[in-house]
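Q: Please examine one part of this model closely, namely the way in which a pair of its helices packs together. Please then relate that packing to the nonpolar interior.

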Amino acid sequence: MLRAAVRVSRLCGGPARFAAPFSAAASPIPAPNPRPDIACNKIFINNEWHDAVSKKTFPTINPATGEVICQVAEGDKADVDKAVKAAKAAFQLGSPWRRMDASHRGKLLNRLADLIERDRAYLAALETLDNGKPYSISYLVDLDMVVKCLRYFAGWSDKFHGKTIPLDGDFFCYTRHEPVGVCGQIIPWNFPLLMQAWKLGPALATGNVVVMKVAEQTPLSALYVANLIKEAGFPPGVVNIIPGYGPTAGAAISSHMEVDKVAFTGSTEVGHLIQKAAAESNLKRVTLELGGKSPNIIMSDADMDWAVDQAHFALFFNQGQCCCAGSRTYVQEDIYHEFVERSVEKAKSRVVGNPFDFKTEQGPQVDEEQFKKILGYISTGKREGAKLLCGGNPAADRGYFIQPTVFGDVQDNMTIAREEIFGPVMQILKFKTIEEVIERANDSKYGLAAAVFTKDLDKANYVSQGLRAGTVWINCYDVFGAQAPFGGYKASGNGRELGEYGLEAYVEVKNVTIKIPQKNS
């Protein structure tokens, strides 16, 4: 691991320094290096590292301390233009990428997964340093899901294909699944490595080329993966990765006349801007995975211990920074008080602290802007009459830590019950009947996810069919797999990621009809 990281450091043009080697020993989780060497901090175009055309850089911050980790090249429109030019060249008819067997594309994706597994501890440490999530989560959850996602789509490379069609007359008719072309991909900061895999997997499996903008808050892990993409053997120009800001680099991708598709994960507000830019430029394809205010419904017959645990997990996982967080917890009135009491007790016992400590359950929020925004929502909740039951304040003297917070007596018209907080703030609401809670759950501009907890399967099926959401979990929450599609209704976006459905946005279906002398069955 140490040798591999030092080697990549030199390839990326950075110094080959390490505070200490990772000591894996016999532990399933290697001890973290809280000061991983920063190997890659430039722009990746055509399998080469570049400074920004403008020579500008920006700081990426350690959210646990508020200190600058390093400077990163700041890409903008000029860099996007360079990347699109490289991607177009890689996609030209007759290029090595276009001529490559589909099965070999799968082999390259599997090789990339192998390299990520090799450098798993380093990537987990980098993710924790730049994002703030607990190292144990980075290593056991995020990196595990990244590898599984890439391997899943590697398997699809030579299996997602066209059909022959029995057209009337003396004709031979068939369809081809052809790659869309240059795919712009804009990924968020809450799961940097995983969202990168969600985007790259289907795009590369189907033969596309990529220009990706990584979030300015968390560029480091995705840039390191760029170097692994080169090491895996992907031809130059197939994947290009640009760190930069949304209004400059992101906007340039969305409005670029030679980008054929844009995929975005992030806020609904920015999703509107991207869809508008796509429409006003070249009508490029758009898939959007946006915000949510997901209802989590606890029926009175639910297993109380399990429901409390899962509702806590549904909201507080990843510091509450999940688009599908169960952020409206609806509890049936006859168990409401017990549920609230247990939820408060659980929130108070949650361990907040150094994300490199194995005991830590909750790290810092990603940056100062999110930190202040969440504290603002907490103030609004108190002002509008919600009952603050625990938390509500910063949890440390430095860094962007917030106490696990629970509000009771929340009403549907309150700001904290309608807007996405994206932080460790739980809202608990009371309901009486199934019909009532379905109506209230659907009374939101969002429709990303939902859940219901009950021992009655008939109730579960009835509620799941009534909820307007792209994913409904029954007696569980945040269960994800590369095999199952994910995406939203309404203002939570359009299109689906993951699963076979996730491939559809990355192909054009071409119909080819040939005149033949005679058709026989």
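A: Helices H11 and H12 are oblique to each other, because their crossing angle falls outside the ranges for roughly parallel (under 35 degrees), roughly antiparallel (over 145) and roughly perpendicular (65 to 115). This is a predicted model, in which local features need pLDDT of at least 70 and side-chain atom pairs count only at pLDDT 80 or more, whereas totals for chains, interfaces and linings use all residues. Residues are numbered from 1 along each chain as its sequence is written, and side-chain values use heavy atoms, with hydrogens and water left out.

The axes of H11 (residues 304-316) and H12 (residues 336-348) cross at roughly 55° and come within 10 Å. Helices here are DSSP runs of H or I with at least four residues, numbered from the N terminus; axes are lines fitted to C-alpha atoms over the stretch in contact, and angles run from 0 to 180 degrees between N-to-C directions. The crossing of H11 and H12 is right-handed, that is, the near helix is turned clockwise from the far one by less than a right angle.

On the H11 side, the contact (heavy atoms within 4.5 Å) is made by Met304, Asp305, Ala307, Val308, Asp309, Ala311, His312 and Phe316. H12 contributes Glu338, Phe339, Arg342, Ser343, Lys346 and Ala347. By class, these residues are 7 nonpolar, 2 polar and 5 charged; Ala, Val, Leu, Ile, Met, Phe, Trp, Tyr, Cys and Pro count as nonpolar, Asp, Glu, Lys and Arg as charged, and the others, Gly among them, as polar.

Phe339, a member of that contact, leads on to the interior. Together with Leu112, Ile116, Leu204, Phe234 and Ile241, Phe339 touches the most other members of the largest nonpolar core, which has 136 residues. Such a core is a set of buried Ala, Val, Leu, Ile, Met, Phe, Trp, Tyr and Cys residues joined through side-chain atoms within 4.5 Å, where buried means under 20% relative accessible area with a 1.4 Å probe and protein chains only. Helix H6 (residues 135-156) supplies the largest share of this core, 11 residues. Beyond its neighbours within four places in sequence, Leu112 is in contact with Leu150, Val225, Leu228, Ile229, Ala232 and Phe234. A second, separate core comprises 30 residues, including Met299, Leu375, Ala441 and Ala469.

Terms used:
Buried < 20%, exposed > 50% of the residue type's maximum accessible area, 1.4 Å probe, protein only. Helix = DSSP H or I, 4+ residues; strand = E, 2+ residues; numbered from the N terminus.
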